[in-house]
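Subject: Structure handover

Hello,

Here is the structure I said I would pass on. Please open it first, then read the notes below beside it.

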Amino acid sequence: MPVPKAELHLHIEGTLEPELAFALAARNGIDLPYANAAELRAAYAFEDLQSFLNLYYELMAVLRTEQDFADLAAAYLTRAAAQGVRHAEIFFDPQAHTSRGVALGTVVEGLWRVLGDSERTHGVSTQLILCFLRDESAESAMQTLRSAEPYLDRIAGVGLDSAEVGHPPAKFREVYAAAAELGLHRVAHAGEEGPPAYITEALDVLGVQRIDHGLRCMEDPALVERLVRERIPLTLCPLSNVRLRTVDTLDRHPLPAMLDAGLMCTVNSDDPAYFGGYAGDNFDAVRKVLALNEEQLRDLARNSFNAAFLEHDEPRRARYLAEVEAYAFPSPPTTSGPA
Ligand SMILES: [Zn+2]
């Protein structure tokens, strides 16, 4: 069994595997412009964030009914549980659905049909984080938050995702202030393709409690020092960074340097159907390619639970952390010799 971990950076729409996309398309009578799942999988070769987003939004057309969203959530939980995920804080993008005529209630009710009982069915506790598309207007984000108010008992926080460059965090100052008034947690993507200044702005203007990605903080030593001092969690997604060319190759990923600097790093999967792996696959990849040792891997797992929004259930956090301490890592996959 892989090391127990929390997944804190996971877009549920990004878990849509080609096979499920075809099954949902058939059920909803939608024609996809690909002959089959293999051909669609071959289209998952991106050059950057924007080329990924184009396909990502195109495929969302297959998600129409509550049952579609329930099936999507169930497929994710099955994979996540097999990779050691014990707790998941799951992003969803309401505007990507409401803009094509699917009501926010359909999305939330469908996801919750599965997530509401996920601990019993899959052994994974879950929360939902509503994300605003940053390339849409601030007014649209505010409308989305207002229309989510009937569902706030199922939503733990708000986030900010999609195309980063040119859409600084401060654009969403008012909607984050409104979210804070509603008692919601706040996170934001920052410093993935955008500059380190976006990280500072997300902290100071939006009041975020975690930074999603945050990779480019390494360009600003004073910012690194601040993130360490304030114990701000960073939700890194190594395989995503390689697929979107945020880093050239995995062996050049700054994760080891970030751990050495004392940053509170976590390892997550982002959009696993598109980027080559789920949470455990990301752990395996950094272990193998970046030669992380057991103590570093255990730290990443500890950090994931310490960074989780579990303050309402500290005994649960303590149980998860105890599982991490008790975990015995198998021999590294690179070790040769007698089995
Ligand atoms: Zn993301």
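D270 counts as buried, because 30 C-beta neighbours lie inside 10 Å and the threshold for buried is 20 or more. Please keep in mind that this is a predicted model. D270 sits in the loop between strand 8 (264-267) and helix 14 (272-275). Its backbone is worth a look: D270 has a positive phi of about 70° although it is not a glycine. For background, most residues other than glycine have a negative phi.

H213 is another such case, with a positive phi near 75° in a residue other than glycine. H213 belongs to strand 6 and is buried, with 27 C-beta neighbours inside 10 Å.

Next, the annotated site. Which residues does the UniProt annotation "binding site" cover? The unreviewed entry lists H9, H11, H189 and D270. These residues span 262 residues in sequence, yet no two of their C-alpha atoms are more than 11.8 Å apart, so they gather at one spot.

Two of the histidines can be followed further. H11 is part of strand 1 (residues 5-11). H11 is buried, with 24 other C-beta atoms within 10 Å. Leaving aside neighbours within four places in sequence, H11 is in contact with F91, D93, D161, D270 and D271. One of these contacts, D270, is itself in the annotated set.

H189 lies in strand 5 and is also buried, with 29 other C-beta atoms within 10 Å. Again leaving aside neighbours within four places in sequence, the contacts of H189 are L160, D161, E164, D212 and H213. So that you can place it, the H213 in that list is the residue with the positive phi described above.

The same UniProt entry type, unreviewed, places the feature "domain: Adenosine deaminase" at residues 4-317. Over that range the chain is 47% helix and 15% strand, and the end C-alpha atoms are 12 Å apart.Now the helices. In helix 10 (residues 196-204), the buried residues are Y198, I199, T200, E201, A202 and L203. Their cover includes strand 5 (185-190), strand 6 (210-213) and helix 11 (221-229).

Two packed helices are described by the angle between their axes and the distance between the axes. Here are two pairs to try this on.

- Helix 8 (residues 138-148) and helix 9 (residues 173-181) have axes that come within 8 Å and cross at roughly 15°. That makes helix 8 roughly parallel to helix 9. The crossing is left-handed. From helix 8, A138, A141, M142 and L145 meet E174, V175, A178 and A179 of helix 9. By class, this contact has seven nonpolar, no polar and one charged residues.

- Helix 4 (residues 66-82) and helix 6 (residues 104-115) pack at an angle of about 40°, and their axes are 7 Å apart. Helix 4 and helix 6 are therefore oblique to each other. Their crossing is right-handed. Residues of helix 4 that take part include F69, A70 and L77, and those of helix 6 include V107, L111 and V114. By class, the contact of helix 4 with helix 6 has nine nonpolar, three polar and four charged residues.

Regards

Note on methods:
Residues are numbered from 1 along each chain as its sequence is written. This is a predicted model: local features need pLDDT of at least 70, side-chain atom pairs count only at pLDDT 80 or more; totals for chains, interfaces and linings use all residues. UniProt positions are given in the numbering used here, feature names are shortened, and annotations may be inferred rather than shown by experiment. Helices (H or I, at least four residues) and strands (E, at least two) are DSSP runs, numbered from the N terminus. A residue is buried if 20 or more other C-beta atoms lie within 10 Å of its own, exposed if 12 or fewer, and partly exposed in between; C-beta atoms are placed from the backbone. Two residues are in contact if their C-beta atoms, placed from the backbone, lie within 7 Å. Axes are lines fitted to C-alpha atoms, for helices over the stretch in contact, and angles run from 0 to 180 degrees between N-to-C directions. Angles under 35 degrees count as roughly parallel, over 145 as roughly antiparallel, 65 to 115 as roughly perpendicular and the rest as oblique. A crossing is left-handed if the near helix is turned anticlockwise from the far one by less than a right angle, and right-handed if clockwise. Ala, Val, Leu, Ile, Met, Phe, Trp, Tyr, Cys and Pro count as nonpolar, Asp, Glu, Lys and Arg as charged, and the others, Gly among them, as polar.
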